[in-house]
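Trainee: Could you take me through this protein, from its overall make-up to the details? I would like to ask as we go.

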Amino acid sequence: MASHRRPKQPSRTRVTVLTATAAAAVALTSQAAHADPKPTKNEVKAEVDKLYHEAEAATEKYNGAKEQQDKLKKQVDALQDKVARGQDELNTLRGELGSIATAQYRSGGIDPSVALFLASDPDSFLDQASALDQLTVKQTESLQEIQAKQRTLAQQRKEAQDKLGDLADVRKALGENKKKYQGKLADAQRLLNSLTAAERAKIQEEEAAKDRASRATSERVELGNEAPASGRGAAALSAAATQLGKPYVSGGSGPNSYDCSGLTQWAFAQAGVGISRTTYTQQNDGTKIGRSQLRPGDLVFFNGLSHVGFYAGNNQILHAPKPGTVVRYESMDYMGTFQFGVRI
């Protein structure tokens with residue numbers, strides 16, 4: 001006889017587990033379908049270049065703080081030396097005042113008429129007595145000089161203390177900017193590490209090709225025959241050209257490595273011209289000009305003043321580009337936002 005019992009229904013708990021499992025599977029499938037695709041080599045390179053630009057901006061602020069620190073340090077050293085010399089002078093004045101007081105004490109113990117009677121040489125004694133009469137005048141002058149020196153010393157000590165406070169603030173800014181650009185460089189390196197070995201090799205080969213084309217005379221970009229901005233501009237550009245192939249290093253100011261403003265400062269120094277250290281200050285070292293007015297030897301600024309190089313002619317610049325590269329020629333078309341030129 002056939003059984004007519006109902007088939008056993010799955011428990012509520014089992015249904016719940018199965019439903020949750022199915023939902024999770026659907027969610028995972030959906031996430032996989034909508035997951036962000038791996039960035040391409042060109043996308044990574046663009047983001048790395050952006051990070052390098054940000055690192056360069058932080059580097060320029062670091063350079064500015066470093067320059068300010070060096071100036072403040074010299075001022076502090078000079079003030080502290082002045083304070084030390086002033087203290088020596090004060091000690092000398094106090095010694096002289098002590099000698100005067102001793103002379104007064106010694107002469108004050110004997111009545112002048114008795115001293116004259118006892119003197120073996122009355123004329124000599126009268127000369128000495130006349131000198132002793134002037135001691136109080138000398139003592140007053142010495143006291144006034146000591147008081148003036150004390151006021152000066154107090155002012156110099158306060159000035160030195162204020163400079164030391166400024167120096168501490170600048171050193172703090174220095175550390176913050178250094179940490180910032182190092183962080184940007186580390187982010188860029190992590191992005192590069194996300195690429196395959198073949199993709200990284202391809203980027204390196206592209207950069208190496210630019211460097212070879214820049215250095216080799218037969219392959220170098222055509223610079224044209226434009227008249228230079230000035231004799232000094234031409235001399236600075238020529239000096240910079242002798243540094244082709246030198247590596248870019250944040251904070252480098254030559255002669256073994258450079259960052260962008262370190263190269264321009266070094267090159268102008270070889271031409272006998274002193275300019276400031278950073279892009280933010282070099283923009284004020286000459287006359288601002290537009291792109292159509294550029295001549296070889298002019299400075300050219302890009303990307304919110306975070307980068308500077310030399311205009312070399314025929315739309316080319318000579319500069320220290322970014323980490324991982326060397327001093328080279330490059331088209332202005334690849335440089336991002338042009339700000340203005342500056343003629344020293």
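**A walk through the model**

Mentor: Gladly, and two remarks on conventions come before your questions. This is a predicted model, in which local features need pLDDT of at least 70, side-chain atom pairs count only at pLDDT 80 or more, and totals for chains, interfaces and linings use all residues. Residues are numbered from 1 along each chain as its sequence is written, and side-chain values use heavy atoms, leaving out hydrogens and water.

Trainee: What is the mean pLDDT of the protein?

Mentor: The pLDDT is the predictor's confidence in each residue, from 0 to 100. In this protein 73% of the residues reach 70 or more, and the mean is 77.

Trainee: How many contacts does the stretch 12-34 have in the model, beyond near neighbours in sequence?

Mentor: Contact means heavy atoms within 4.5 Å. Over residues 12-34 the pLDDT is below 50, and beyond near neighbours in sequence the number of contacts is one.

Trainee: What percentage of the residues is buried?

Mentor: Buried means under 20% relative accessible area, exposed over 50%, and partly exposed in between, with a 1.4 Å probe and protein chains only. The protein has 344 residues, and the buried share is 33%.

Trainee: How many helices and strands are there?

Mentor: Both are DSSP runs numbered from the N terminus: helices are H or I with at least four residues, strands are E with at least two. The secondary structure comes to nine helices and six strands.

Trainee: In what order do the six strands form the sheet?

Mentor: Two strands pair if DSSP finds at least two bridges between them. The sheet is open and its pairing antiparallel. Its edge strands, β1 (287-289) and β5 (328-331), each pair on one side only. The order is β1-β6-β2-β3-β4-β5.

Trainee: Which residue in β6 is the bridge partner of Thr287?

Mentor: β1 and β6 pair in the antiparallel sense over three bridges. For Thr287, the partner in β6 is Arg343.

Trainee: What angle does the direction of α8 make with that of β3?

Mentor: Axes are lines fitted to C-alpha atoms, for helices over the stretch in contact, and angles run from 0 to 180 degrees between N-to-C directions. α7 packs on the sheet, touching β3, β4 and β5, with its direction at about 105° to that of β3. α8 also packs on the sheet, touching β2, β3 and β4, and its angle with β3 is about 55°.

Trainee: Which element gives the most residues to the largest nonpolar core?

Mentor: Such a core is a set of buried Ala, Val, Leu, Ile, Met, Phe, Trp, Tyr and Cys residues joined through side-chain atoms within 4.5 Å. Of its 27 residues, those touching the most other members include Ala267 and Phe310. Elements giving two or more residues include α7 (231-241) and β3 (307-313). The one giving the most, with five residues, is α8.

Trainee: Leaving aside neighbours within four places in sequence, which residues does Ala267 contact?

Mentor: Ala267 is among the core members that touch the most others. With those sequence neighbours set aside, its contacts are Ala236, Ala239, Ala240 and Phe310.

Trainee: Is Asn314 buried, partly exposed or exposed?

Mentor: Asn314 is found in the loop between β3 and β4 (316-319). Its phi is positive, about 55°, although it is not a glycine. Because its relative accessibility is 38%, Asn314 counts as partly exposed.

Trainee: Which peptide bond is cis?

Mentor: Look in the loop between α7 and α8, where Pro255 lies. With omega near 0°, the cis bond runs from Gly254 to Pro255.
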